[in-house]
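This report walks through the strand pairing, the nonpolar cores and the charged contacts of the chain shown below.

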Amino acid sequence: MKSNRRQKILEIIKKHPVETQEELTSYLLKEGITTTQATISRDIRDLKLTKVPTPEGKQRYSVIEHTSHELNKKYIRVLREGFLQVEQAQNIIVIKTVAGMAMAVAASIDAMNWDEVVGCIAGDDTVMCAIRSAEEAIEVIKMIKEIVK
């Protein structure tokens, strides 16, 4: 079901200039697929869709293909530019960032696909990352410090 829905999403955004999640939900409904906004949001994130400008001055969802090497360089740059400090609290690491950079830093860490990282949440200048264990949190801190040095 999920893979079928995601395949339909990719087909829809290639055929139509979909600007919002509501439009996407509507197109899916026309295809006989009922879903929730939360599911659409997860699908958009997992499919790595992004909004790109259209010639009419609007935006539409699109798939942007990058090589993993290109992406890793971008994520490393974002992490370096936003990082201020990191602290451990058991299996949680707290990363302080430049104001307004926490979401980008969290997305960068998530995109690294480190097995130790369960996930990250971000505010404006703080990221909290859930790590599988306190021992692995130490390793993640070492990896982050190696990247930002």
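## Sheet, cores and salt bridges

In this predicted model, strand 4 and strand 6 pair in the antiparallel sense over five bridges. Within this pairing, Val94 stands opposite Met128 in strand 6. Helix 5 packs on the sheet, where it touches strand 3, strand 4, strand 5 and strand 6, and its direction makes about 170 degrees with that of strand 5. Helix 6 also packs on the sheet and touches strand 3, strand 4, strand 5 and strand 6, its direction making about 170 degrees with that of strand 3. The sheet itself is open and consists of four strands in the order 3-4-6-5, with antiparallel pairing. Strand 3 and strand 5 are its edge strands, each of them pairing on one side only. On average, and with direction ignored, neighbouring strands of the sheet are turned by 20 degrees against each other.

The nonpolar residues come next. In soluble globular proteins, nonpolar side chains tend to be buried together. The largest nonpolar core here has 23 residues, of which Ile93, Ile95, Ile109, Trp114, Val127, Cys129 and Ile144 touch the most other members. At least two residues of this core are supplied by each of helix 4 (68–82), strand 3 (83–89), strand 4 (92–97), helix 5 (102–111), strand 5 (117–122), strand 6 (126–131) and helix 6 (134–148). Apart from its neighbours within four places in sequence, Trp114 is in contact with Ile109, Val140, Met143, Ile144 and Ile147. A second core, separate from this one, has 13 residues and includes Ile9, Leu47, Leu49 and Tyr61.

Turning to charged side chains, a search of the whole structure finds nine salt bridges, among them the three in the table.

| Salt bridge | Closest N to O distance |
|---|---|
| Asp43 and Arg5 | 2.5 Å |
| Arg6 and Asp43 | 2.7 Å |
| Glu31 and Lys8 | 3.3 Å |

In the salt bridge between Asp43 and Arg5, Asp43 lies in helix 3 (residues 37–46) and Arg5 in helix 1 (residues 2–15), so the pair ties together parts that are 38 residues apart in sequence. Asp43 and Arg5 are both buried. Asp43 also forms a salt bridge with Arg6, a pair that links helix 1 to helix 3 across 37 residues, and Arg6 is buried as well. Arg5, Arg6 and Asp43 belong, together with Arg45 and Asp46, to a network of salt bridges.

For the salt bridge between Glu31 and Lys8, Glu31 lies in the loop between helix 2 (21–30) and helix 3 while Lys8 is in helix 1, so this pair ties together parts that are 23 residues apart in sequence. Glu31 is partly exposed, with a relative accessible area of 42%.

Key:
Residues are numbered from 1 along each chain as its sequence is written. This is a predicted model: local features need pLDDT of at least 70, side-chain atom pairs count only at pLDDT 80 or more; totals for chains, interfaces and linings use all residues. Side-chain values use heavy atoms; hydrogens and water are left out. A salt bridge is a side-chain nitrogen of Lys or Arg within 4 Å of a carboxyl oxygen of Asp or Glu. Buried means under 20% relative accessible area, exposed over 50%, partly exposed in between (1.4 Å probe, protein chains only). A nonpolar core is a set of buried Ala, Val, Leu, Ile, Met, Phe, Trp, Tyr and Cys residues joined through side-chain atoms within 4.5 Å. Contact means heavy atoms within 4.5 Å. Two strands pair if DSSP finds at least two bridges between them. Axes are lines fitted to C-alpha atoms, for helices over the stretch in contact, and angles run from 0 to 180 degrees between N-to-C directions.
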